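Q: I am new to this structure and would like to learn how to read the surroundings of a ligand. Could you guide me through them?

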Amino acid sequence: MTTWRTVRETDLTAADHTALAGLLARAFPETDLRGRSWCSERPELRLVGTDDDGAPAAHLAVLRRFVRVGTAEVLVADTGLVAVDPSRQGTGLGLALLTEAARVLAGLGVPFGFLTTGHDREGFYSRGGWRRTPTQLTRTIERDESVQVWREASLHLPLGRGEFPSGEITRDGYEV
Ligand SMILES: CC(C)(COP(=O)(O)OP(=O)(O)OC[C@H]1O[C@@H](n2cnc3c(N)ncnc32)[C@H](O)[C@@H]1OP(=O)(O)O)[C@@H](O)C(=O)NCCC(=O)NCCS
């Protein structure tokens, strides 16, 4: 059975970081996380699904921030590091993670979840209620400090507080 918990960043223990870094390294073998439990922007909280043996099997990270959408400023729960341990992928755990995420994000006082991903993963997120933003272009500062223009999937999770506006999106910071 999977037990779900949310953990604020400052409350993570050294053992938590070690276990999460291992999970993320297995889930993202092509990304050099430098042994850390985060990639670029440091999140403010994690949602972690833990197995009976106490090991994390599913994870995502969240940071509330404003993104620019055209001329508007939109508060979002920016979401990243969405991962299921490779040994558990394809068993429905990812969808369970998105279901828990929708519950957690709904309690954060923001109108939308937001994330960028590849076209090949859009189908997964759509199963969890995530929708394309009206304009499919997001600018983000990359780890090498260049500005990335992302034209694959920019997705939002509506949280019952209006429609995501049209316009090119700018994330004035690093991806979570
Ligand atoms: C993406 C990921 C979180 C999905 O977790 P999972 O446990 O394998 O997903 P589930 O078994 O719950 O699948 C849920 C549904 O999404 C679909 N799905 C899963 N991965 C998919 C993918 N990469 N692309 C398209 N659809 C996918 C499944 O087919 C399933 O649909 P179905 O019920 O109609 O068959 C997991 O594969 C993973 O950690 N991948 C590596 C890290 C990664 O790419 N994370 C996303 C970064 S944006």
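A: Let us begin with the character of the shell: its residues divide into nine nonpolar, six polar and three charged, where Asp, Glu, Lys and Arg count as charged, Ala, Val, Leu, Ile, Met, Phe, Trp, Tyr, Cys and Pro as nonpolar, and the others, Gly among them, as polar. This is a predicted model, in which local features need pLDDT of at least 70, side-chain atom pairs count only at pLDDT 80 or more, and totals for chains, interfaces and linings use all residues. Residues are numbered from 1 along each chain as its sequence is written, and side-chain values use heavy atoms, with hydrogens and water left out.

Q: How many residues surround the ligand, and which are the closest?

A: A residue is near a molecule if one of its heavy atoms lies within 4 Å of it. Here 18 residues surround the ligand, and the closest are Val 82, Val 84, Leu 95, Asp 120 and Arg 127.

Q: Which atom of the ligand lies 2.7 Å from a backbone N or O atom of Val 82?

A: A polar contact is a pair of N or O atoms within 3.5 Å. For Val 82 the partner is a nitrogen atom of the ligand, whereas a polar backbone atom of Gly 92 is 2.8 Å from a ligand oxygen atom, and one of Thr 91 is 3.2 Å from an oxygen atom of the ligand.

Methods: Polar contact = N/O pair within 3.5 Å; in protein donor to acceptor, adjacent residues only side chain to side chain.
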